[in-house]
Amino acid sequence: MTKKKFEFEWRQLMLEGVVIVISILLAFAIDAWWDERQAAERDSERLVRVQSELRLNSEMLQQRISFLDRAATSVYAVQGWMGPEPEIVDINTFTEAWDGVFSIGTLSLVTRAIDDFLAAGSSTSNASNARNEVNDKLSTWYYHADQLEGQYEILRQEHDALSQYSTANPRVPALGATGAVGAQLNLPKSKFPYDQSALMSDPVLESLLALYLIRLKFVMFVAKDLRTRNNELLEDIAAVLNE
């Protein structure tokens with residue numbers, strides 16, 4: 001084999017080797033790109049499910065805030081009728097307010113998709129700043145959501161204490177029983193111990209209502225704060241999904 005022929009074949013082998021290396025590197029790059037793309041799609045799919053959950057929670061929070069507001073308004077009304085000189089209240093007016101006192105419902109936020117999203121983390125190595133901010137805000141949202149559910153449970157306990165006291169108190173049903181009797185409707189205020197005055201002058205009931213109102217207002221504040229966070233997250237997620 002001549003020297004020139006040897007050099008030619010050597011160059012050919014070198015060229016083929018370079019081509020093979022480049023092909024391998026290109027294949028790796030394509031695989032990495034494909035994996036990254038699939039990971040980004042999985043992240044987006046999880047984010048869409050989170051978006052749907054946040055919308056459900058937004059509706060639930062708005063409804064619960066309305067319940068809490070009605071309950072607080074009702075407690076204010078009942079407290080306004082109490083005191084050393086209780087006000088005579090129409091039975092229908094009182095019943096409507098008394099029902100409103102207990103109209104807070106329960107609260108259990110939907111978090112399955114949010115749990116999955118936070119547990120999975122980001123699958124992409126080059127997640128945008130906006131996406132990372134969504135992850136951080138969602139973690140904060142989850143913390144405040146947990147706090148709200150805990151406070152709502154405490155509110156439910158005070159709700160039950162108030163309900164049990166009023167149910168066991170013979171003066172509470174007496175108001176409905178005597179006030180609903182047609183013969184009693186147009187009579188002047190009674191001086192007997194189990195009339196409206198007896199109910200409205202109950203210091204234990206008044207204290208329970210005061211504690212209940214304080215908790216109502218606090219839970220309403222926490223719920224409104226979470227609703228604001230919830231709506232901001234929905235806007236941020238929409239922006240990320242449109243990137």
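1. Accessible surface. In this predicted model, the chain exposes an accessible surface of about 14,800 Å². Carbon and sulfur atoms account for 57% of that area. The chain has 243 residues, and 33% of them are buried.

2. Secondary structure. The chain contains 7 helices and 0 strands. Read from the N terminus, the order of elements is accordingly α-α-α-α-α-α-α. Helix H1 covers residues 3-80, helix H4 covers residues 129-168, and helix H7 covers residues 203-241. Of the contacts in the chain with a separation of 6 or more, 89% are between residues 24 or more positions apart.

3. Confidence. The mean pLDDT of the chain is 78, with 65% of the residues at 70 or more. Among the elements, helix H7 has the highest mean pLDDT, at 92, whereas helix H5 (residues 171-179) has the lowest, at 51.

4. Segments to be read with caution. Over residues 174-181 the pLDDT stays under 50, and the model gives this segment 12 contacts beyond four places in sequence. The pLDDT also stays under 50 over residues 190-194, for which there are 4 contacts beyond four places in sequence. Where pLDDT is low, the predicted coordinates should not be read in detail.

5. Surroundings of Ser-74. Ser-74 belongs to helix H1. Its relative accessibility is 8%, so Ser-74 counts as buried, the cut-off being under 20%. Beyond its neighbours within four places in sequence, Ser-74 is in contact with Ala-97, Gly-100 and Val-101. With one of these residues, Ala-97, there is an approach to the backbone: the side chain of Ser-74 reaches the backbone oxygen of Ala-97 at 3.5 Å.

6. Salt bridges between helices H4 and H7. The count of salt bridges comes to 4. One of them joins Lys-137 to Asp-236, with 2.7 Å between the closest N and O atoms. Lys-137 is in helix H4 and Asp-236 in helix H7, so this pair ties together parts that are 99 residues apart in sequence. Lys-137 is partly exposed, at 37% relative accessibility, and Asp-236 is also partly exposed, with a relative accessible area of 23%. Another salt bridge is formed by the side chains of Arg-215 and Glu-158, at 3.6 Å from N to O. Because Arg-215 lies in helix H7 and Glu-158 in helix H4, this pair links parts that are 57 residues apart in sequence. Arg-215 has a relative accessible area of 23% and is therefore partly exposed, while Glu-158 is partly exposed at 24%.

7. Salt bridge within helix H4. Asp-160 and Arg-156 form a salt bridge whose closest N and O atoms are 3.8 Å apart. The two residues are 4 positions apart in helix H4, so about one helical turn separates Asp-160 from Arg-156. Asp-160 is partly exposed, at 32% relative accessibility. Side chains of opposite charge can pair when their charged atoms come close.

Technical notes: Residues are numbered from 1 along each chain as its sequence is written. This is a predicted model: local features need pLDDT of at least 70, side-chain atom pairs count only at pLDDT 80 or more; totals for chains, interfaces and linings use all residues. Side-chain values use heavy atoms; hydrogens and water are left out. Buried means under 20% relative accessible area, exposed over 50%, partly exposed in between (1.4 Å probe, protein chains only). A polar contact is a pair of N or O atoms within 3.5 Å; within protein, one must be able to donate a hydrogen and the other to accept it, and residues adjacent in sequence count only if both atoms are side-chain atoms. Contact means heavy atoms within 4.5 Å. pLDDT is the predictor's confidence in each residue, from 0 to 100. Accessible areas come from the Shrake-Rupley method with a 1.4 Å probe; for residues, only the protein chains shown count as cover.
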